[in-house]
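Got a minute to go through this one together? Have a look at the sequence and the model, then we'll take it piece by piece.

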Amino acid sequence: MKTLEQQFYDYGVVPVVVLENEKDALPLAKALTEGGLPCAEVTFRTDAAEESIRLICREYPDMLVGAGTVLTTGQVDRAVAAGAKFIVSPGFDPEVVDYCLEKDIPVFPGCVTPSEVAQAAKRGMKVVKFFPAEQAGGIAMIKAMAAPYTTMRFMPTGGISAKNLKDYLSFGKILCCGGSWMVKGDLVKNGEFDKIRELTKEAVELAASLR
């Protein structure tokens with residue numbers, strides 16, 4: 001059975017999803033799965049996130065579903081109870097990170113400075129999120145930080161699209177990239193799940209061609 005990291009690497013891209021209404025959860029999961037990317041980071045920015053994760057995990061048990069924008073230990077508990085298989089946070093919050101590590105819950109905190117990467121490395125972590133990627137210096141910043149932290153791998157998210165995906169995936173220390181260009185809010189809101197499926201398929205093919 002593949003590890004979580006191996007699955008992320010194989011996908012190359014993790015769709016970062018914002019769901020305003022849980023009724024969109026299953027059509028979205030269907031579109032992602034049919035597009036060849038049975039994976040999603042459902043952000044806890046909306047009231048629909050928890051129930052959306054629960055619905056997707058129930059109907060698509062083989063799909064790799066995690067919770068993003070997790071800011072508190074309470075949200076960790078709710079996300080995991082709903083079925084989330086991993087936790088992603090926008091920044092490095094020691095309380096949230098340590099809580100997840102103590103409970104053996106896979107967690108990927110956001111890091112944009114060497115000091116934050118150092119905190120993750122000290123805890124034995126091997127993968128961190130790099131957010132907001134483009135705004136924080138992009139691949140050049142990641143390469144600079146990766147040099148002294150030779151065992152750390154990164155999951156950049158923020159401002160990544162089909163246009164610059166190659167810049168990131170061509171660097172060996174990138175595990176995968178988080179992206180929302182195939183699951184934009186307007187597409188979900190307007191029920192354009194066929195379009196989402198096609199964009200997802202294109203993203204999968206692009207990621208595969210870059211590795």
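**Helix crossing, one helix face, one strand end**

The crossing of α2 and α3 is right-handed (near helix turned clockwise from the far one by less than a right angle). This is a predicted model, where local features need pLDDT of at least 70, side-chain atom pairs count only at pLDDT 80 or more, and totals for chains, interfaces and linings use all residues. Residues are numbered from 1 along each chain as its sequence is written, and side-chain values use heavy atoms, with hydrogens and water left out.

Q: Are α2 and α3 parallel, perpendicular or oblique to each other?
A: The axes of α2 (residues 25–34) and α3 (residues 49–59) come within 9 Å and cross at roughly 50 degrees. Under 35 degrees would be roughly parallel, over 145 roughly antiparallel and 65 to 115 roughly perpendicular, with the rest oblique. So the pair is oblique.

Q: Which residues of α1 are buried, and within what arc do they fall?
A: In α1 (residues 4–11), the buried ones (under 20% relative accessible area, 1.4 Å probe, protein chains only) are Leu-4, Phe-8 and Tyr-11. They line one face of the helix, because seen down its axis they fall within an arc of 65 degrees.

Q: Is Thr-43 buried or exposed?
A: Thr-43 sits in strand β2 (residues 39–43). Its contacts (heavy atoms within 4.5 Å) include Val-17, Ala-49 and Gly-68, leaving out residues up to four places away in sequence. With 0% relative accessibility, Thr-43 counts as buried.

Technical notes:
Helix = DSSP H or I, 4+ residues; strand = E, 2+ residues; numbered from the N terminus. Buried < 20%, exposed > 50% of the residue type's maximum accessible area, 1.4 Å probe, protein only. Arc of directions from axis to C-beta. Axes fitted to C-alpha atoms, helices over the stretch in contact; angles between N-to-C directions.
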